[in-house]
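Student: I would like to learn how to read a model feature by feature, beginning with the backbone and going on to helix packing and pockets. Could we work through an example together?

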Amino acid sequence: MSAEEHPPSNPLIPKQSRTPYHISGKPEKQDLVDEYKGKNLDALRTPALIIDRAVFARNCAKMHEHAKAVGARFRAHVKSHKTPEGTRLQLLSNADETHSIVVSTVMEVCEVFRAGLMADGTVKDVLYGLPMAPNKIADLSALTDELSAVGASMRILIDHPDQVKVIEAWESTKANHRRWSVFVKVDCGSHRRAGLKPDTPAFAHLLSAVLSSPSIALYGFYTHAGHSYASTSFAEAADFLLDEVTAVNDAATLALSMIAKSPGMHHPREPFVLSVGATPTAHAATESLKARVESGLNGVLELHAGNYPLLDLQQLNTGLITHRDIAQRVLATVISYYPGRGEDGSDEAMCDAGALAMSKDTGPRAGYGDIIGKPWRLSRVAQEHGILTMMSPASFELGPLQGDGALKLGDMVQIVGQHACLTLAGYPWYYVVDSDVSDGNVVVDVWVPWKGW
C-alpha cells in the first residue's frame with residue numbers, strides 16, 4: 001500500500017502523502033489481554049474506557065433489524081470505535097449480516113485491510129466517507145488495487161467538480177485507466193457539512209461533470225442528517241429520515257433525467273444506491289415507514305449509521321433509546337470532595353476524568369456526562385480533571401440508584417458522556433466486559449483502536 005510521492009507534473013495533482021500504517025505504533029492486544037483479562041473493574045487504573053460487548057452486539061443486531069424493516073441494505077460506519085472486533089460485530093449479528101462499511105480516515109482502510117477483514121470476506125465494500133483530498137489520491141488508488149486483489153470494492157465521495165478534474169488528471173498518467181466508483185454527497189438539511197442540495201444549479205453542474213467523466217462510475221448518492229441529533233421523538237427522527245430519502249431520490253431522479261437527455265453520458269450498469277442515515281434516523285427506520293420510504297425510489301435504498309453500537313447522552317436525549325442500550329462508559333475515581341461548595345450550597349466533588357477523557361462535546365442536557373447509579377453530573381472539565389455536581393432527582397435517568405447516591409473520596413464512578421465517538425478517541429485501548437457472561441464488572445477482552453489519519 002505505497003503511494004507515489006512524486007507524481008508526474010500536473011498542477012491538479014500535488015505532492016502525494018503516505019498513510020504511515022506500517023509505523024503506526026499501538027499497544028499489543030495480547031499483552032493487554034494477558035495483563036487485564038479476568039480483573040475486576042475496581043482493579044483498573046482510571047480513567048478507563050469500558051465497553052459492554054453484550055450491549056454493543058445487541059445494538060448491532062437491532063440496527064440490522066431496522067434496515068430490514070424498511071427493505072434497505074446496511075452499511076456500517078466504523079469510525080466510532082475503530083477496532084476489528086467492533087467491526088465484526090457490526091457486520092455479523094444474530095439478526096443479519098452485511099459486508100459494507102464507511103470509514104472516515106485512510107488509516108482506517110489500511111487497518112481494516114491489515115486486520116484481515118477483507119481477506120476473510122468480512123468486509124467486501126468500503127466507502128471513504130470524506131471528499132477526497134488531492135494529496136491522498138495516490139494512496140487511495142493503491143488501496144483500490146489492494147482491495148480489488150482480495151475481491152473487495154473501494155468507493156469515494158465527491159461533492160465538487162474540481163474533484164472530478166483531479167481524478168481525470170490522475171488517470172491521464174496511467175497506462176491502465178480505471179473508473180473510480182463514486183457516491184455523490186447530497187446535502188439534506190441545515191447541517192451544512194459536505195454535500196450540495198439536489199435542487200441547485202451547483203449540484204446539476206457537479207452531476208454533469210460526474211456523468212460525463214471517463215474516469216468515474218457513479219455508484220449512487222449519499223446523505224447524512226447530522227441535524228437529526230436534535231430529535232426528541234420518533235416522529236421528529238422519522239421526518240428527518242424521510243427528508244434524507246427525498247434528497248437522495250431527487251438526486252437520482254435528476255441523474256436519470258440528464259442521462260436520458262444526453263446520449264454521451266454514462267448509463268449506470270445497476271440501479272443507483274441511495275444511501276441515507278444517521279443514528280437517530282436509522283433508529284426511526286421501522287416497518288411503519290416502509291411504504292413511505294420505498295415509494296417512487298429511483299434506486300436501491302441503503303441505510304448507514306455509526307454511533308449506534310455505543311450510544312451516549314446525545315442519543316438518549318432523542319428519546320429513541322433507553323440508558324440500558326448505552327454500551328460505553330468512562331470509569332473514573334473521585335479524587336477530592338468539597339462540602340457545600342456548590343452555588344446552591346450543595347456538595348461538589350472532583351474526579352480524574354477531564355476534557356481529554358470525556359471530550360468537550362455537549363448536548364441538549366447540561367454538562368459533559370452523567371454518572372450511572374448516582375445523581376451526579378460532570379458539570380465542568382479541565383484537561384485532566386472534572387468537577388461533579390449534584391443533580392435534581394427529576395434529572396437523574398441512569399438508574400437504579402446505588403445506595404443513598406452519595407460520593408466520597410476514593411469512590412470509582414462510571415460516567416456516560418455526551419458523544420461516544422469523541423470520548424473513545426482519547427483512549428489507547430478499551431476494556432471490554434460482557435453482561436451476558438458475568439455481572440459486567442470483569443474484563444473479558446481488550447480492544448486496541450486504530451489511530452491516525
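Tutor: Let us begin with Lys82, which sits in the loop between strand E2 (73-77) and helix H3 (84-91). Please keep in mind throughout that this is a predicted model.

Student: What is the phi of Lys82, and how should a value of that kind be read?

Tutor: The general idea is that most residues other than glycine have a negative phi, and most peptide bonds are trans. In this structure the phi of Lys82 is near 60°, which is a positive value in a residue other than glycine. Ser359 is a further case, with a phi near 80°, again positive and again in a residue that is not glycine. Ser359 belongs to the loop between helix H12 (355-358) and strand E12 (369-371).

Student: Which residues does a cis peptide bond join, and what is omega there?

Tutor: One such bond joins Gly399 and Pro400, with omega at about 5°, and Pro400 is placed in the loop between strand E14 (386-390) and E15. The peptide bond from Thr46 to Pro47 is cis as well, with omega near 0°. Pro47 is located in the loop between helix H1 (29-36) and strand E1 (48-52).

Student: Turning to helix packing, at what angle do the axes of helix H4 and helix H5 cross, and how is that angle to be interpreted?

Tutor: The idea is to take the angle between the two axes and ask which class it falls into, where angles under 35 degrees count as roughly parallel. The axes of H4 (residues 106-114) and H5 (residues 137-149) come within 11 Å and cross at roughly 25°, and H4 is therefore roughly parallel to H5. The crossing in which H4 passes H5 is left-handed.

Student: Which residues of H4 and H5 meet?

Tutor: From H4 come Val106, Val109, Cys110 and Phe113, and they meet Asp139, Leu140, Leu143, Glu146 and Leu147 of H5. Sorted by class, the residues of this contact between H4 and H5 are seven nonpolar, no polar and two charged.

Student: How do the axes of helix H7 and helix H8 cross?

Tutor: The axes of H7 (residues 201-212) and H8 (residues 234-261) come within 11 Å, and their crossing angle is roughly 55°, so H7 and H8 are oblique to each other. H7 passes H8 in a right-handed crossing. On the H7 side the contact is made by Phe203, Ala204, Leu207, Ser208 and Leu211, and on the H8 side by Ala251, Leu254, Ala255, Met258 and Ile259. The residues of this contact of H7 with H8 comprise nine nonpolar, one polar and no charged.

Student: How does one look for pockets, and what is the volume of the largest pocket?

Tutor: Rolling a probe the size of a water molecule over the atoms shows where empty space is left. Here the largest pocket has a volume of about 920 Å³. Its lining is made of 41 residues, and those nearest the centre are His77, Lys79, Ser104, Arg193 and Cys421. Strand E4 (125-131), strand E9 (300-305) and helix H13 (420-424) are the elements that give two or more residues to this lining. By class, the lining of the largest pocket has 17 nonpolar, 17 polar and seven charged residues.

Student: Which element gives the largest share of the lining of the second largest pocket?

Tutor: That share, four residues, comes from E15. Helix H2 (53-69), strand E10 (328-338) and strand E15 (412-417) each supply at least two lining residues. The second largest pocket has a volume of about 660 Å³ and is lined by 28 residues, of which Arg329, Ile372, Gln402, Gln414 and Asn441 lie nearest its centre. The lining of this second pocket divides into 11 nonpolar, 10 polar and seven charged residues.

Methods: Residues numbered from 1 in each chain as written. Predicted model: local features only at pLDDT ≥ 70, side-chain atom pairs only at ≥ 80, totals over all residues. Heavy atoms only, no water. Axes fitted to C-alpha atoms, helices over the stretch in contact; angles between N-to-C directions. Parallel < 35°, antiparallel > 145°, perpendicular 65-115°, else oblique. Left-handed = near helix turned anticlockwise from the far one by under 90°. Contact = heavy atoms within 4.5 Å. Nonpolar A, V, L, I, M, F, W, Y, C, P; charged D, E, K, R; others polar. 1 Å grid on protein atoms, 1.4 Å probe; cavity = no way out; pocket = protein on both sides within 12 Å on 5 of 7 lines; lining within 4 Å. Points joined across faces, edges and corners; volume = space filled by probe spheres on them.
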